[in-house]
Amino acid sequence: AALGDEMRLRLMTALCVGGAMSITQLTAGTEITRQAITKHLDVLAAAGLVRDIKVGRERLWEFEPAQLDEARRWLEGVAGQWDQALAKLKRVVES
C-alpha cells in the first residue's frame with residue numbers, strides 16, 4: 001500500500017537513483033511542500049522502505065532495500081505457484 005501512491009513511487013525512484021537525499025533536495029524542482037514530502041516519507045518509513053539518517057544538522061533519507069527484497073522473494077514464490085498451476089491446466093486442456 002505504501003507504494004500505491006504516485007508521489008511515493010517518485011520518492012523511491014529518486015532515492016534509489018540519487019542515494020541519500022534531504023527533504024530540500026527531494027522537493028527541488030517541484031511544487032510539493034516540504035510537509036507533504038515529509039508525510040510521504042513517514043509512510044514509506046513505516047513500511048520499512050526508507051529510513052532517515054542524521055548528518056550534522058541535516059536529516060537525509062535513504063532507500064532501505066530489505067523490505068523490497070522480502071517482497072520480491074514472496075512474489076517470486078507466488079509466481080512459481082502460478083506457473084505450476086498454469087502448466088497443469090495446459091496439460092489437462094491439451095490432453
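Student: Why is Asp52 called partly exposed?

Tutor: A residue is called buried when its relative accessible area is under 20%, exposed when the value is over 50%, and partly exposed in between, with a 1.4 Å probe and protein chains only. Asp52 has a relative accessible area of 37%, so the label is partly exposed. Please keep in mind that this is a predicted model, in which local features need pLDDT of at least 70 and side-chain atom pairs count only at pLDDT 80 or more, while totals for chains, interfaces and linings use all residues. Residues are numbered from 1 along each chain as its sequence is written, and side-chain values use heavy atoms, with hydrogens and water left out.

Student: What makes the pair Asp52 and Arg59 a salt bridge?

Tutor: The term asks for a side-chain nitrogen of Lys or Arg within 4 Å of a carboxyl oxygen of Asp or Glu. The closest N and O atoms of Asp52 and Arg59 are 3.0 Å apart, and that value is within the limit, so the pair is called a salt bridge. Arg59, at 39% relative accessibility, is partly exposed. Elsewhere, salt bridges with shared partners connect Arg51, Glu62 and Glu64 in one network.

Student: How many salt bridges are found in the whole structure?

Tutor: The search finds 5 of them. One of these joins Arg51 to Glu62, with 2.5 Å between the closest N and O atoms. Arg51 belongs to strand β2 (residues 50–55) and Glu62 to strand β3 (residues 58–63), so this pair ties together parts that are 11 residues apart in sequence. Strands are DSSP runs of E with at least two residues, helices are runs of H or I with at least four, and both are numbered from the N terminus.

Student: How do you know whether Arg51 is buried or exposed, or something in between?

Tutor: Its relative accessible area is 41%, and because that value falls between the two limits, Arg51 is partly exposed. Its partner Glu62, at 18% relative accessibility, is on the other side of the lower limit, so Glu62 counts as buried.

Student: Where do Glu6 and Arg10 lie?

Tutor: Both are in helix α1 (residues 6–18), separated by 4 residues, which is about one turn of the helix. Their side chains meet in a salt bridge, at 2.5 Å from N to O. Glu6 is called exposed because its relative accessibility is 52%, whereas Arg10, at 48%, counts as partly exposed.

Student: What makes a group of residues a nonpolar core?

Tutor: Such a core is a set of buried Ala, Val, Leu, Ile, Met, Phe, Trp, Tyr and Cys residues, joined through side-chain atoms within 4.5 Å. The largest one here has 14 residues, and those with the most contacts inside it are Leu11, Leu15, Leu26, Ile37, Leu41 and Leu44. Helices α1, α2 (23–27) and α3 (34–46) each supply at least two of its residues, and α1 gives the most, with 4.

Student: Which residues does Leu26 touch?

Tutor: Contact means heavy atoms within 4.5 Å. Leaving out residues up to four places away in sequence, Leu26 touches Leu11, Ala14, Leu15, Met21, Ile37 and Leu41.

Student: Why is His40 called buried?

Tutor: Its relative accessibility is 16%, and because this is under the lower limit, His40 counts as buried. His40 lies in helix α3 and, again not counting residues up to four places away in sequence, touches Asp5, Met7, Arg8 and Leu11.

Student: Why is Gly29 called exposed?

Tutor: Gly29 reaches 88% relative accessibility, a value over the upper limit, so it counts as exposed. Gly29 lies in the loop between α2 and α3.

Student: How does the radius of gyration of the chain stand against that of a compact globule?

Tutor: The radius is taken over C-alpha atoms, and the globule rule is 2.2 Å times the number of residues to the power 0.38. For 95 residues a compact globule would come near 12 Å, but the chain has 19 Å. The C-alpha atoms fill a box of roughly 70 × 25 × 20 Å along the principal axes.

Student: What share of the residues is buried?

Tutor: Buried residues make up 21% of the 95 in the chain, whose secondary structure comes to 4 helices and 3 strands.
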